[in-house]
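I opened the model to look up how its sheet is put together and what packs against it. My notes follow in the order I took them.

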Amino acid sequence: MGLFYSSESTNAQSIVGYADAGYLSDPHQGRSQTGYVFTCGGTAISWRSTKQTLVATSSNHSEILALHEASRECVWLRSVIHHIRSTCALPSATDTPTILNEDNAAYIAQITGGYIKGDRTKHISPKFFYTHELQKSQGIKVRQIRSSDNLADLFTKSLPKCTFQNLVPGIGLRQLCKQLSWSMQNQGEHSRVL
C-alpha cells in the first residue's frame, strides 16, 4: 500500500507510469498482451490494454514490446503537459524523468546496460533501443517494482480477487459506500411504485 502513497504518485504535477506484459495470453495465436497505465495525483489519466502485433519469443521480449508502447505514450503525455503548462505560463514539470515502473528485473538490467540478450531479437532491437535512448536522455527512468505492486497487471491478465482489490485504488477507482448504493437502489424501487 505504501506504493500508492509515495511522493511520486501524490504529486499532482508528476505522472507515473506502469507497464507490463502478459506473455502468451493468447496461446492460439502466440500473442502476448501489452498493458500500461499512467497516473497523476493517484488517478489514472491514460491506459491501454492490447494484444501485441509481434509474436514474442520469450516473456522478456514481450516486456520489451510493452515498455516500448508505454514509452511512446509517456513521450506524448510529457509533450501535452509541457504544452499546457507553457501556454498557462506555469513552470515546466518535465524537467525530471518520468518514472516507468516495470516488474521484470532481467529487462531492467538490459535496458540500463543497453544490450539485448539473445540472437533472435533483431525485430525487437528498434523498440528496445528507443526506450533505452529515452532513459539515457533522462526522459524516462525505468524502475523495478514488485509484481504485486504493478498497476499494469490490471490490464494484462486476470488476477486473484485480493490482488485486484489491492491494485484498483492505485488507479483512482473507489467503491461507493454501501449505504449510498442501497439508498439509490431504494429510490429506484420507490419511483417504480409511484
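Entry 1, strand S4. I checked which way the side chains of S4 point in this predicted model. Thr98, Leu100 and Glu102 point one way, while Ile99 and Asn101 point the other way. I found every one of these residues buried. The count for the strand agrees: 5 of the 5 residues of S4 are buried, and I noted S4 as mostly covered.

Entry 2, partners of S4. I looked up the pairing on either side. With S1, strand S4 pairs in the parallel sense, over 3 bridges. One pair I wrote down here is Gly17 with its bridge partner Leu100 in S4. With S5, the pairing of S4 is parallel and covers 5 bridges. There I noted Ile99, which stands opposite Lys141 in S5.

Entry 3, the whole sheet. In what order do the 5 strands of the open sheet lie? I read the order as S3-S2-S1-S4-S5, and the pairing is mixed. Strand S3 (43–51) and strand S5 (140–144) are at the edges with a single partner strand each, so one side of each has no neighbour in the sheet. On average, neighbouring strands are turned by 20 degrees against each other, direction ignored.

Entry 4, S2 and S3. I then went to the antiparallel part of the sheet. Strand S2 (residues 31–40) runs antiparallel to S3, and 8 bridges join the two. I recorded two of the pairs: Gln33 stands opposite Lys51 in S3, and Cys40 has Thr43 of S3 as its bridge partner. The hairpin of S2 and S3 has 2 residues between the strands. Within this hairpin, Gly41 takes a positive phi near 65 degrees.

Entry 5, helices on the sheet. Which strands does helix H2 touch? Helix H2 (residues 59–87) packs on the sheet and touches strand S1 (15–26), S2, S3, strand S4 (98–102) and S5. The direction of H2 makes about 150 degrees with that of S1. Helix H3 (residues 105–113) lies across S4 and S5, and runs at about 145 degrees to S5.

Entry 6, H2 against H3. I looked at how these two helices meet. The axes of H2 and H3 come within 9 Å and cross at roughly 60 degrees. The crossing is right-handed. From H2, the contact is made by Asn60, Glu63, Ile64 and Leu67; from H3, by Ala106, Tyr107, Gln110 and Ile111. I sorted the residues of this contact by type and got 5 nonpolar, 2 polar and 1 charged.

Entry 7, Ser71. Is Ser71 of helix H2 buried or exposed? Ser71 has 0% relative accessibility, so I put it down as buried, the cut-off being under 20%. The side chain of Ser71 reaches the backbone oxygen of Leu67 at 2.8 Å. Leaving aside residues up to four places away in sequence, I found Ser71 touching Leu100, Tyr130, Thr131, Leu134 and Ile140. I also checked Ser71 against Thr98, which is 27 residues apart from it along the chain: their C-alpha atoms are separated by 9.7 Å.

Entry 8, Asp20. I picked this residue from strand S1. Asp20 has 2% relative accessibility and therefore counts as buried. What does the side chain of Asp20 make a polar contact with? I found the side chain of Lys157, at 2.9 Å. Beyond residues up to four places away in sequence, the residues touched by Asp20 include Gln33, Thr34 and Gly35. Glu63, Ala66, Glu102 and Asp103 are also among them, as are Asn150, Ala152, Asp153 and Thr156.

Entry 9, the chain as a whole. I finished with the totals. The protein chain has 6 helices and 5 strands, and from the N terminus on its elements run α-β-β-β-α-β-α-α-β-α-α. Of its 194 residues, 41% are buried. I also looked up the sequence separation of contacts: among those between residues at least 6 apart in sequence, 63% join residues at least 24 apart.

Methods:
Residues numbered from 1 in each chain as written. Predicted model: local features only at pLDDT ≥ 70, side-chain atom pairs only at ≥ 80, totals over all residues. Heavy atoms only, no water. Pairing = 2+ DSSP bridges. Axes fitted to C-alpha atoms, helices over the stretch in contact; angles between N-to-C directions. Contact = heavy atoms within 4.5 Å. Buried < 20%, exposed > 50% of the residue type's maximum accessible area, 1.4 Å probe, protein only. Polar contact = N/O pair within 3.5 Å; in protein donor to acceptor, adjacent residues only side chain to side chain. Left-handed = near helix turned anticlockwise from the far one by under 90°. Nonpolar A, V, L, I, M, F, W, Y, C, P; charged D, E, K, R; others polar.
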